[in-house]
Amino acid sequence: MTEAGQHPVDRHDEPDPRSLGEVLGPGLITGAADDDPSGIGTYSQVGAQFGFSLAWIMVFSYPLLVSTQLICARIGAVTGHGIAHNLKRHYPRPVLWFAVTLLLIANTINLGADLGAMAAALDLLLPGPTMLYVVLFGGVSVLLEVFVAYALYTRILKWSALSLLAYILVPFVADISPQEVLRGVLVPELSFDRPTAMAVIAALGTTISPYLFFWQAGQEVEEQHRLHTRPLGARPRAAGPGLKRIRTDTLVGMGVTSVTALFIVIATASTLHANGITEITSADAAASALRPIAGDLSFLLFAVGIIGIGLLAVPVLAGSAAYALSETFGWTEGLDHKPHEAKAFYGAIAVAVLGGVALNLIGIDPMQALYWTAVINGLLAPPLMVMTMLAASNPKVMGRLTLPPLLKFGGWAATAVMILVSGLFLLS
């Protein structure tokens, strides 16, 4: 018995995918974008500052991340609309404005930090005016998202992001104790001082980030448009294959981001922390974590990874803001539309990136900005998670496909953890 029952899929329904390549889509792209420059910077700082002692967070956060993203994807797939549209239809207008405002604040700060980090990474290879690099990356990101088919764009960029897999190799060549690593991964250590509270909320905030909620929901809607299928809520008895695809896609996608995050922590703990470097103040310091693998080419490997994953993450950040604004104001939305068909949608993408570029004018330190961005995401995520849970549990929104008990438990558990961690940080 499938989750929605055993019923035939009619010709308008989503086909039951037969291969993993057909299954992986929005969840995998969302997972890849989750390891954006902000995530890399945050995980690197956690490993450098605390060694292996907080590595358990990467394992602990995986089921919380999966539950959260499954719920967001389910909202988009079941209703055929994104999160903001559903808040607009079923809840008081102030709830919508509150959610969208929080998202725009988080995304603008995140965009600014990511663009600054990409510029700092390029400066390692080609020393020059970093502000010019920020503008260059912002402009290129907008042009590619507007004029290049996003499916093709992501396929290209995923290859450059593969350089991040080098972090997985570092622990195997660095001089570390496997027992020490296992203890850090399996035995939680937690102090209640402010630096630890800040590290925990940063690690969780860069993993369970608001922009991912809106992005994956919006991408599920785009997937339906691409396949010319109806929302799952219109055919609840035949929704089983679609829900199964979403589940597999999300499990794999979030697994990719969690494994990468864990190995970044282990790599920086075994190299930087082990050599007395407990604070990452520059891209040079972050790049040196890859020296056991790449030697003098560590800067090249780091720069390629940061720039590649940044060029993948910046469109996701800007796109999630554009989805939210389009759903709020009723604009034509979607990356499957030509620029002249969705002028406001693409205009919102350009403005969001411009806001991130402008933030770099205040002279923020790129690596520290990445860490603080993660903290801000962690503080802003809980209210958005509460709204998402209420929508996904509401029969008026989801019809007969409201959350099953296990997924509802996972979603509320993730929300409770983020609220608790935010409270501990604010009180520390």
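This passage describes the fold, the side-chain contacts and selected positions of a predicted model.

The protein contains 20 helices and zero strands. It has 428 residues, and 58% of them count as buried. Along the principal axes, the C-alpha atoms fill a box of roughly 60 × 45 × 45 Å. The radius of gyration is 21 Å. For a compact globule of 428 residues, a value near 22 Å would be expected, so the protein agrees with that description.

One salt bridge is present in the structure. It joins the side chains of Arg245 and Glu220, with 2.7 Å from N to O. Arg245 belongs to helix α13, which covers residues 240–271. Glu220 belongs to helix α12, which covers residues 210–227. The two residues are 25 positions apart, and the pair links distant parts of the chain. Both Arg245 and Glu220 are buried.

Aromatic contacts were counted next. The model has seven aromatic pairs. One of them is formed by Trp97 and Phe329. Their ring centres lie 5.6 Å apart, and their planes meet at 65°. The pair is edge-to-face, because planes over 60 degrees apart are classed that way. Trp97 sits in helix α6 (residues 93–125), whereas Phe329 sits in helix α16 (residues 298–329). The pair therefore ties together parts that are 232 residues apart in sequence. Neither ring belongs to a buried residue: Trp97 is partly exposed, at 40% relative accessible area, and Phe329 is partly exposed too, at 41%.

Ring pairs also build a cluster. Its members are Trp215, Tyr323, Phe345 and Tyr346. A further contact involves a charge and a ring. Arg291 lies over the face of Phe299, 5.8 Å from the ring centre.

The surface carries a nonpolar patch of about 420 Å². Five residues make this patch: Leu125, Leu126, Leu297, Leu300 and Val304. Among them, Leu126 lies in a loop, between α6 and α7 (130–147).

Three further positions were examined for burial and for distances across the fold. Ile71 is found in helix α4, which spans residues 56–79. Its relative accessibility is 1%, so Ile71 counts as buried. Ile71 and Gln216 are 145 residues apart along the chain, and 9.7 Å separates their C-alpha atoms.

Gly253 has its place in helix α13, the helix that also holds Arg245 of the salt bridge. At 0% relative accessibility, Gly253 counts as buried. Gly253 and Leu24 are 229 residues apart along the chain. The separation of their C-alpha atoms is 7.8 Å.

Val185 is placed in helix α10, which runs over residues 178–186. Val185 has 15% relative accessibility. This residue therefore counts as buried, because the limit for burial is under 20%. Val185 and Gly139 are 46 residues apart along the chain. Their C-alpha atoms are separated by 40 Å.

Technical notes: Residues are numbered from 1 along each chain as its sequence is written. This is a predicted model: local features need pLDDT of at least 70, side-chain atom pairs count only at pLDDT 80 or more; totals for chains, interfaces and linings use all residues. Side-chain values use heavy atoms; hydrogens and water are left out. Rings of Phe, Tyr and Trp (its six-membered ring) pair if their centres lie within 6.5 Å; planes under 30 degrees apart count as stacked, over 60 as edge-to-face and the rest as tilted. Helices (H or I, at least four residues) and strands (E, at least two) are DSSP runs, numbered from the N terminus. Buried means under 20% relative accessible area, exposed over 50%, partly exposed in between (1.4 Å probe, protein chains only). A charge sits over a ring if NZ of Lys or CZ of Arg is within 6 Å of the ring centre and within 35 degrees of the ring normal. Patches are made of residues with over 30% relative accessible area and no salt bridge: like charges are joined within 9 Å, nonpolar side chains (Val, Leu, Ile, Met, Phe, Trp, Tyr) within 5 Å. Accessible areas come from the Shrake-Rupley method with a 1.4 Å probe; for residues, only the protein chains shown count as cover. A salt bridge is a side-chain nitrogen of Lys or Arg within 4 Å of a carboxyl oxygen of Asp or Glu. The radius of gyration is taken over C-alpha atoms; the globule rule is 2.2 Å times the number of residues to the power 0.38.
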